[in-house]
Amino acid sequence: MSIPLPDLAAMDRLGRAIAAALRPGDVVALSGGLGAGKTTLARAIVAGLGYRSEVPSPSFAIIEVYDPPAVRLPLVHADFYRLKHPDEAQEIGLDDYREGAALIAEWPDHAGGFAHEPGCLSIALESAGEGRIAIVEGGADWLGRMPV
Ligand SMILES: Nc1ncnc2c1ncn2[C@@H]1O[C@H](COP(=O)(O)OP(=O)(O)OP(=O)(O)O)[C@@H](O)[C@H]1O
Ligand SMILES: [Mg+2]
């Protein structure tokens, strides 16, 4: 399904709707080129989970971890852009970080992709004029709780 995101307020609304539906084990896979809005949407999700401070972009650290009570559920926010090979996702311990947590993944293809997981919500962001469009697809676990 295709969702228009004409401005930052629309990004914030989508992020908060995703946060409200999110469960441990889920992946929100955010794809789209440089500047597509992946980190903007990720920040809206983290805020929607209750986080009250500034959300750093994980583009340098690769992984940022959020734990309750600052957020409603354990969360991993990852930016896999700098991985040179998908195997590196396992080498940095992604599976351990994900235990009991939800994952927001920027550049998911660089980690091998997550769309085969039933808990994966795939969001592809594209430019549309000054704003963006999101193409959203949910795995089987998202049936009946799609955020849009
Ligand atoms: N829906 C939108 N409408 C207008 N501007 C937007 C929208 N979403 C994001 N932006 C703006 O686009 C710019 C890039 O956004 P962002 O940093 O989230 O992209 P990104 O996909 O994470 O890029 P990168 O891969 O380079 O990290 C920011 O200035 C942000 O405010
Ligand atoms: Mg980014």
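User: Which element gives the largest share of the shell around ligand 1 in this predicted model?
Analyst: In this predicted model, helix H1 (8-21), helix H2 (38-48) and strand S7 (131-138) each supply at least two residues of the shell around ligand 1. The largest share amounts to 3 residues, and the element that provides it is H2.

User: How many residues surround ligand 1, and how do they divide into nonpolar, polar and charged?
Analyst: The closest residues to ligand 1 are Gly 35, Lys 38, Thr 39, Thr 40 and Arg 132, out of a shell of 18 residues. By class, the residues of this shell divide into 7 nonpolar, 6 polar and 5 charged.

User: Which side chain has an N or O atom 2.7 Å from an oxygen atom of ligand 1, and what percentage of the accessible area of the ligand does the protein cover?
Analyst: A nitrogen atom of ligand 1 is 2.9 Å from a polar backbone atom of Leu 5, and an oxygen atom of the ligand is 3.4 Å from an N or O atom in the side chain of Trp 107. The 2.7 Å distance, also from an oxygen atom of ligand 1, leads to the side chain of Lys 38. Of the 650 Å² of accessible area that ligand 1 has on its own, the part covered by the protein is 71%.

User: Why is H2 described as largely enclosed by the rest of the structure?
Analyst: The buried residues of H2 are Lys 38, Thr 39, Leu 41, Ala 42, Ala 44, Ile 45, Val 46 and Ala 47, and their cover includes H1, strand S2 (27-31), strand S3 (63-66), strand S4 (75-79), strand S5 (102-106) and strand S6 (120-128). H2 is largely enclosed because, of its 11 residues, the number buried is 8.

User: Which element gives the largest share of the largest nonpolar core?
Analyst: Among the 30 residues of the largest nonpolar core, those that touch the most other members are Leu 5, Leu 22, Ile 45, Leu 49, Leu 75, Ile 123 and Ala 134. Two or more residues come from each of several elements, including strand S1 (2-5), H1, H2 and S7. The largest share of this core, 6 residues, is that of H1.

User: Which residues is Leu 5 in contact with, leaving aside its neighbours within four places in sequence?
Analyst: Leu 5 belongs to the largest nonpolar core, and its backbone also offers a polar atom 2.9 Å from a nitrogen atom of ligand 1. Beyond its sequence neighbours within four places, Leu 5 is in contact with Ala 10, Met 11, Leu 14, Leu 125, Gly 131, Arg 132, Ile 133 and Ala 134.

Notes:
Residues numbered from 1 in each chain as written. Chains lettered and ligands numbered in written order. Predicted model: local features only at pLDDT ≥ 70, side-chain atom pairs only at ≥ 80, totals over all residues. Heavy atoms only, no water. Near = heavy atom within 4 Å. Polar contact = N/O pair within 3.5 Å; in protein donor to acceptor, adjacent residues only side chain to side chain. Areas by Shrake-Rupley, 256 points an atom, 1.4 Å probe, with all protein chains shown as cover. Helix = DSSP H or I, 4+ residues; strand = E, 2+ residues; numbered from the N terminus. Nonpolar A, V, L, I, M, F, W, Y, C, P; charged D, E, K, R; others polar. Core = buried A, V, L, I, M, F, W, Y, C linked by side-chain atoms within 4.5 Å. Buried < 20%, exposed > 50% of the residue type's maximum accessible area, 1.4 Å probe, protein only. Contact = heavy atoms within 4.5 Å.
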